[in-house]
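Reader: I've got a structure open and I'm new to this. Can we walk through it together?
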Amino acid sequence: MNGTILIVEDEQKLAELLRDYLLQAGFSVVMMFDGRDVVPWVREQRPALVLLDLMLPGMDGMELCKQIRACSNVPIIMETARVEEIDRLLGLELGADDYICKPFSPREVVARVRAVLRRASGAGSPVENGLVLDAERYHASLNGHDLDLTAVEFRLLHYLAHHPGRIYNRQQLMDQIYPDERVVSDRTIDSHIKKLRRKIELVDPAVQLIHSVYGVGYKYDVSDVAEGDAG
Ligand code: CA
């Protein structure tokens, strides 16, 4: 079972072409042509991944991406013909996991879908260091011990753990954990990270999962041994 891919694409021929390739690759596929139907469906049906066109009737793909992110961690691949949008898409202002430029070959899309799913499956399930993240219940445990996280701490850890090794600045993390665009200061993130680390340390002082990157922000890394990483 490869799971269900939701294709949100108003060019019907293109959507059908993608559907055929994804079906052939063993996925189930649902197609939607109008952005307005998407969010409630994603919330109910929990697809494995969303392929999202940027230009849509009803609702812009960027807005849609934000709204999906506000209620779900489903991997999202954006399709765009506008090269100048790529930074924004991946800058995680929006929370897309990857993008693909139009025109593309359906084969390329299938490869990208597989790669993103592979990456995403690393978290949400047991990670090699004994961290278990249950996004349904906002529950995190390390080596079988409850980490007892607040909702915000859970979201931070969950988000960072989904993208191991990737460095995020404070603004990007704030956008992720406060999707309602509440205005919070940079220090808020530092304070949440500090508490999160302390809770991890309480369970296992030898494990360091969240690393400061001087002058930039934070990253999740299990392999990296901390160096001068006080915080
Ligand atoms: Ca379109």
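Reader: Where does P103 sit?
Author: P103 is in the loop between strand 5 (98-101) and helix 5 (106-120). Keep in mind that this is a predicted model.

Reader: What is the peptide bond from K102 to P103, cis or trans?
Author: That bond is cis, with omega near 0°. In general, most peptide bonds are trans.

Reader: OK, zooming out. How many helices and strands are in the chain?
Author: The chain has eight helices and 11 strands.

Reader: And what share of the residues is buried?
Author: Buried residues make up 47% of the 231 residues. The accessible surface of the chain comes to about 11,700 Å². Carbon and sulfur atoms hold 49% of that surface.

Reader: What about contacts between residues at least 6 apart in sequence? How many of them join residues at least 24 apart?
Author: The share is 56%.

Reader: Back to the backbone. What is the phi of R46?
Author: R46 has a positive phi of about 45°, although R46 is not a glycine. Most residues other than glycine have a negative phi.

Reader: Where is R46, and is it buried or exposed?
Author: R46 lies in the loop between helix 2 (38-45) and strand 3 (49-53). R46 is exposed, with a relative accessible area of 55%.

Reader: What is the phi of N143?
Author: The phi of N143 is near 50°, a positive value, and N143 is not a glycine. N143 sits in the loop between strand 7 (139-142) and strand 8 (145-146). N143 is partly exposed, at 40% relative accessible area.

Reader: Strand 7 and strand 8, then. What order do the strands have in that open sheet?
Author: The order is 6-7-8, three strands with antiparallel pairing. Strand 6 (131-134) and strand 8 are the edge strands, and each pairs on one side only.

Reader: What holds strands of a sheet together, generally?
Author: Strands of a sheet pair through backbone hydrogen bonds.

Reader: How many bridges join strand 6 to strand 7?
Author: Four, and the two strands run antiparallel. For one spot to look at, L131 stands opposite L142 in strand 7.

Reader: Which helix packs on that sheet?
Author: Helix 6 (residues 151-162) does, touching strand 6 and strand 7. The direction of helix 6 makes about 115° with that of strand 6.

Reader: New topic: the other open sheet. What order do its three strands have?
Author: The order is 9-11-10, with antiparallel pairing. Strand 9 and strand 10 stand at the edges with a single partner strand each, so one side of each is left without a neighbour in the sheet. The twist averages 35° from one strand to the next.

Reader: Which residues stand opposite each other there?
Author: Y168 stands opposite Y218 in strand 11. V213 stands opposite G217, also in strand 11. H211 has K219 of strand 11 as its bridge partner.

Reader: How many bridges are there between strand 9 and strand 11?
Author: Three, with strand 9 covering residues 167-169. Strand 10 and strand 11 are joined by four bridges.

Reader: How many residues lie between strand 10 and strand 11 in their hairpin?
Author: Three residues lie between them. G215 is in the turn and has a positive phi of about 80°.

Reader: Which helix lies across strand 9 and strand 11?
Author: Helix 7 does, running at about 85° to strand 9. Helix 8 lies across strand 10 and strand 11, at about 140° to strand 10.

Reader: How many residues are in helix 8?
Author: Helix 8 (residues 186-203) has 18 residues. Helix 8 reaches 27 Å from its first C-alpha to its last, close to the 26 Å expected at 1.5 Å a residue.

Reader: Which residues of helix 8 are buried?
Author: I189, H192, I193, L196, R197 and I200 are buried. Seen down the helix axis, the buried residues of helix 8 fall within an arc of 135°, so they line one face. On the other side, R187 and L202 are exposed.

Reader: What do the buried residues pack against?
Author: They pack against strand 7, helix 6, helix 7 (170-177), strand 10 (210-213) and strand 11 (217-220).

Reader: Last one. Is Q172 in helix 7 buried or exposed?
Author: Q172 is buried, with a relative accessible area of 18%. Q172 and G95 are 77 residues apart in sequence, and their C-alpha atoms are 8.9 Å apart in space.

Notes
Residues are numbered from 1 along each chain as its sequence is written. This is a predicted model: local features need pLDDT of at least 70, side-chain atom pairs count only at pLDDT 80 or more; totals for chains, interfaces and linings use all residues. Side-chain values use heavy atoms; hydrogens and water are left out. Buried means under 20% relative accessible area, exposed over 50%, partly exposed in between (1.4 Å probe, protein chains only). Contact means heavy atoms within 4.5 Å. Accessible areas come from the Shrake-Rupley method with a 1.4 Å probe; for residues, only the protein chains shown count as cover. Two strands pair if DSSP finds at least two bridges between them. Axes are lines fitted to C-alpha atoms, for helices over the stretch in contact, and angles run from 0 to 180 degrees between N-to-C directions. The expected span of a helix is 1.5 Å times one less than its number of residues. The arc is that of the directions from the helix axis to the C-beta atoms.
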